[in-house]
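Me: I would like to learn how to read the contacts inside and between protein chains. Could you take me through an example?

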Number of protein chains: 2
Amino acid sequence: MVLHLLFIIFFFPYFPLSKSHPLDPLTPSELTIIQQTIKTSNLFSPTPLTFHYIGLADIDKHVLLSWLSNTSNSPPPRRAFVIARSGHQTHELHVDISTKSIISNTIHTGSSFPLLSLEEQIAASNLPFNYTPFMNSIKKRGLKSSEVVCASSTVGWFGEVKKSKRLVKILCFATGDTVNLYARPLEGISIVVDLDLMEILDYTDRFVVPVPVARGTDYRSKKQKRSFGPRGKPVTVVQPEGKGFSIDGHSISWANWKFHLSYDVRAGAVISLASVQEHDNELHRLVLYKGFMSELFVPYQDPAKEWYFRTFFDAGEYGFGLLAASLQPLTDCPVNAEFLDGYYATQNGSLLMIKNVFCVFERYSGDSAWRHTEHEIPGKIITEVRPEISLVARMVAAVGNYDYVIDWEFKTSGSIKFMVTLTGVLEMKGTSYTHVKQVEKDIDLHGSLLAKNTIGVNHDHFLTYYLDLDIDGYNNSFVKAKMKTIKITDGSSPRKSYWTLVKEIAETEADARIKLEAEPAEYLVVNTNKKTKIGNDVGYRFINHGAMAISLLSDDDYPQIRAGYTKKQLWVTAYNMSEKWAAGLYADQSRGDDTINIWSQRNRVIKNKDIVVWYTLGFHHTPYQEDYPLMPSLSGGFELRPSNFFETNPLIKTMPFNNTHWPKRTNNP
Amino acid sequence: MVLHLLFIIFFFPYFPLSKSHPLDPLTPSELTIIQQTIKTSNLFSPTPLTFHYIGLADIDKHVLLSWLSNTSNSPPPRRAFVIARSGHQTHELHVDISTKSIISNTIHTGSSFPLLSLEEQIAASNLPFNYTPFMNSIKKRGLKSSEVVCASSTVGWFGEVKKSKRLVKILCFATGDTVNLYARPLEGISIVVDLDLMEILDYTDRFVVPVPVARGTDYRSKKQKRSFGPRGKPVTVVQPEGKGFSIDGHSISWANWKFHLSYDVRAGAVISLASVQEHDNELHRLVLYKGFMSELFVPYQDPAKEWYFRTFFDAGEYGFGLLAASLQPLTDCPVNAEFLDGYYATQNGSLLMIKNVFCVFERYSGDSAWRHTEHEIPGKIITEVRPEISLVARMVAAVGNYDYVIDWEFKTSGSIKFMVTLTGVLEMKGTSYTHVKQVEKDIDLHGSLLAKNTIGVNHDHFLTYYLDLDIDGYNNSFVKAKMKTIKITDGSSPRKSYWTLVKEIAETEADARIKLEAEPAEYLVVNTNKKTKIGNDVGYRFINHGAMAISLLSDDDYPQIRAGYTKKQLWVTAYNMSEKWAAGLYADQSRGDDTINIWSQRNRVIKNKDIVVWYTLGFHHTPYQEDYPLMPSLSGGFELRPSNFFETNPLIKTMPFNNTHWPKRTNNP
């Protein structure tokens, strides 16, 4: 995937004066120091050096928690974790920012590779235009090179034994009358590029099928003509008393919640230290120590030479944060949103800003947080309703054709709702078919005929959240509360059965590999060291809101080996600072040796330990014509809901908005 | 459950002049005519007569569709279906309204009974207060009768062979300092009332446990003291160009949708003739001929004498429409909502109105209907986003302790989203336990200890939708599109597997009894007689958004026999005018002989026929302390999404709201 530069940053004369936090993302000046520290060291020169990841180094949890308990002490030192390539080798570096020194420099010896940089992807995508066989292929398809666009695709791993080169494949498309290039694939062509040499290693043009005309696929409003599509009347929100949240640097407070929102070039949004308060207590109790989108695995389901390798790891190969879209005020986020920017370093270390990488807003959908009408008391009708206002932190990753809207929604009830919305454009395949009746065997489509010469290829989306929960403290346990049917055979009741909850605390990692659909159960993370007044373990439970698909690939298939954790939605592992990335620290051409399921095989004790929950949302996507030329939003998610965490419903004492001066009704004619 | 009268209607001098529709609910004047027609007939006098259901009689589908094809013809005659009791018999009557005549009068001979009337429930709930043993029981518990409230509970059926009497049980509670009576149950008492004789048949007081003090359980805002609960700042919506929908009588038009919204005392909201338009076509194409909440089964999971029978059928026993709450403007529905009222007849035929029984509003949550950021075209960054505005039709049924918010959400994408939100108060059980450590065997709680002397009892909610889909025409088919893993063993690809879609059209009802979690599949209703231009069958598919629980009762348990359909989420039956109510036309003391699963045993042909889909949303509810004293909203639902119904995404040509004069930013300081 090729991305172009968003905002090039030359100069930072001024920063807003907000209190910095040890978890804040690397600032532009810090990124500059890191880059200069490495470049001016004599470790790499004169070999050229490219940066593939620069992010805040993880802080030892005990150190951070200790600092949090007394923030007047000096904070942990600011350090960066860097992955760089030089001389065909991958280096892992730790850099101390205040001392401008390299603390460690090790060479990664595995067969897999770090994030691709945007710059090398752009360079690789430009190679075909100076490659005669490709220019001939374009001509053969009746196209001019000015209307052809190429993008890079990772190559995956398919059982090669010896150490791989850093390769990408190049996928090409036509534009012409439409900017919807994915609707106009150049089918039949395979191009392999060696990224280190930056040259085409292999080229084939197996067959020609028509490049779809793709009429009407340009989705830009300025290209639309009457009759226009349906819409309701515009609706917007107003907050007569102003916003209810405050952002201090990257620390956000709202209602009974506090959390830290950071940007990482690989993960995108990182939520830390999410903690919630009981109404009668100043104390914020920790819920989520750290959470982020760890990986996004998107395997396509077509074994053809031009398609089999499309088994993307969007976070680990491309960078979910690197591909974050600049959010548009008023459309991506409502008028009452505030925005944060993100900064990252390019391959050569220069700085870029993604303007509006996150938005934060108070959401009101017209729903209630709770209600009750009581009719049973003679002479009274009682109705009490509290409208639901929640806080959303949002980012969008535009990973080539697809757009993923990632929402972290905090509720006054204590719930955190994790929602993913899929939209954007399908990855489409060219075909000679122009009508379904020409198709002899459905299976050969590997998808659906969406338009003339256009197949929407079957695929999946598996989005895996890293959730280091610290429910009211460091040591937690994972509980499977299974619903079991009890038969009554002794005539002790007119009933013959009922169900009851049988709770099992997971002792080791083997007890916490969960297929959600396998049995009726609730899954909780509890703190057995903290009890409510009447003696229940404090906890949170998971509630599913759709998107429960698991991978259907065979266990021995290479993409499945690389994403071995996608056959279960929920895993719990013992906290380990190095286990952050579901498909491995090095996902490009990974071989499945550094994945959740591999870590889980160690079968560590997880009872009353610091534990991490991995939750995978899955979508099987069989395209339909409505997904063409661009798909309407489709959402799924899950909720972390307090379950004996509070003594009672924390919203009972929440007052309605009686005294608010609502806008004049003239706004609502 | 006892309800008190909402709005007594004496006089109807004036009706708004809107075009009436054959599917409109019975008007107050029609209800009066029906009542008078029956009362003045000499069929029943001098025996007293009580009304248990009066609703619009179903109109033959061919007759209605024929009228719809030319509405200048005279509409089908207005007729009512009435269930009345007289002389210990249940009568089914059809009344023609214009001729004021009884067309048919048959006696129901089965062993089950119609909806309970509110008036008889109130009368039964008052009986204990004139019953000395009960007054002694109150005294024994240290209560005054002025602080005790009783309500009725249906009795279910537990294998009795001979024909039953019409019975209810009476459940009593204390109020005192709280209006939250469910938090203060009088445990140990069983009271059985004969409704026809209106007298107590059986009374036992087995044991005394403390009536919970239930401090802090009054949820009314006026009872709250500092410190108050959390809330964000108020948010409201404005529509600078006014509302986008119009309501003509009960016919609603909005964006690309038209539908009819009616009130029924049993089902609540009834959506009919929901049809959607393509942007380049005037024609509205039918999607949903009729849809409504057919039944709501709520089995509690405690076999004790005072609890085993609590296995409620809220629609068939109590009336989901009868128990509809008057929606509160600004809290139950946003400021831009319009409201409709509902009318029904009481037991003696007099009229009642439920003010604001429905609201209709355009929803905006700050989300997008679609978006895309395109980075791949050199020199361009394209971002297009369309905000999501949808239309919601809402009702709330306050079934005693529980409140169900039922949303029908129409999207411009062509989707209909069916969402249920559970809130209100748990049905609680008294206990002598005041701390978890006193509990020897968890299983004996049949729930969770929520507060001192208070157990939240385990239970389920199964909400079953009747969906008579007529996708673009009368004859439809049900398709199971199963995802099957194909192994590649011939070395034809570096991949070893992929999944493909294997579509099966259900031939008969036996092919369409679906457990959603059993296998990966998509379920569609298609019209094989209508194709898109490139030849796909037009259709809609179901997408789950949580709430997938199925019943865990043993098959031979009586409540399970009565709700035999609750072990599968999805059934498809051949359309049959008499098959409307999932648990039978007569649900009170039903014996499971008139339920979806029984009808399905006929195994009728459903391929290319008029078919009905039954979709059950299920929640297992194991209470937690946060659900006490009143539970925060919990939602689940599903979506009917167009799947080759349109030629392309109908929203591509939807224009943004660029020219809208948004409110001044001063409203958002």
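Reply: What follows goes from domains to chains and then to single residues. Keep in mind that this is a predicted model.

Me: Where do the domains of chain A begin and end?

Reply: Chain A is split into domain 1 (7–108), domain 2 (118–223) and domain 3 (245–642). Take domain 1 of chain A and domain 3 of chain A as a pair: their C-alpha centres are 29 Å apart.

Me: How many residues are in contact between domain 1 of chain A and domain 3 of chain A?

Reply: Domain 1 of chain A contributes 35 residues and domain 3 of chain A contributes 37 residues.

Me: How is the size of such an interface given?

Reply: Often it is stated as the accessible area that is lost when the parts come together. For domain 1 of chain A and domain 3 of chain A, about 3,000 Å² is buried, and carbon and sulfur atoms give 63% of that area.

Me: Which charged pairs and polar contacts are found there?

Reply: There are 5 salt bridges between domain 1 of chain A and domain 3 of chain A. One of the salt bridges in the model links the side chains of Lys61(A) and Asp470(A), with 3.1 Å from N to O. Across the interface of the two domains, 13 residue pairs are in polar contact.

Me: Which elements of domain 1 of chain A supply the side that touches domain 3 of chain A?

Reply: At least two residues each come from β1 (7–8), α1 (28–40), β2 (49–56), α2 (61–69), β3 (79–86) and β4 (89–96) of chain A. The largest share, 6 residues, belongs to β2(A). Sorted by class, this side of domain 1 of chain A has 19 nonpolar, 9 polar and 7 charged residues.

Me: Now the two chains. How many residues does each give to the contact?

Reply: Chain A gives 188 residues and chain B gives 188 residues. Read the area in the manner used for the domains: chain B and chain A bury about 16,800 Å² between them, with 56% of it on carbon and sulfur atoms.

Me: Which residues of chain B lose the most area to chain A?

Reply: They are Glu376(B), Arg495(B) and Trp499(B), which together make up 5% of what that side buries.

Me: How many salt bridges and polar contacts lie between the chains?

Reply: Between chain B and chain A the count is 10 salt bridges, and 104 residue pairs are in polar contact across the interface. Strand β35 (residues 631–642) of chain B gives the most to the side that touches chain A, with 8 residues. That side of chain B divides into 85 nonpolar, 63 polar and 40 charged residues.

Me: Which residue forms a salt bridge with Asp367(B)?

Reply: Arg363(A) does, and the closest N and O atoms are 2.4 Å apart. Over all chains, the structure holds 85 salt bridges. The pair of Arg363(A) and Asp367(B) crosses between chains, from strand β18 (residues 351–363) of chain A to the loop between β18 (351–363) and β19 (368–374) of chain B.

Me: How do the paired strands of the two chains run, parallel or antiparallel?

Reply: Strand β10 (residues 236–238) of chain A and strand β10 (residues 236–238) of chain B run antiparallel, joined by 3 bridges. Within this pairing, Val238(A) has Thr236(B) as its bridge partner.

Me: Where is a cis peptide bond found?

Reply: In chain A, the bond from Tyr628(A) to Pro629(A) is cis, with omega near 5°. Pro629(A) lies in the loop between β34 (611–621) and β35 (631–642) of chain A. In chain B, Tyr628(B) and Pro629(B) are joined by a cis peptide bond with omega about 0°.

Definitions and conventions
Residues numbered from 1 in each chain as written. Chains lettered and ligands numbered in written order. Predicted model: local features only at pLDDT ≥ 70, side-chain atom pairs only at ≥ 80, totals over all residues. Heavy atoms only, no water. Domains from an automatic or database assignment. Contact = heavy atoms within 4.5 Å. Buried area = accessible area lost by both parts, 1.4 Å probe. Salt bridge = Lys/Arg side-chain N within 4 Å of Asp/Glu carboxyl O. Polar contact = N/O pair within 3.5 Å; in protein donor to acceptor, adjacent residues only side chain to side chain. Helix = DSSP H or I, 4+ residues; strand = E, 2+ residues; numbered from the N terminus. Nonpolar A, V, L, I, M, F, W, Y, C, P; charged D, E, K, R; others polar. Pairing = 2+ DSSP bridges.
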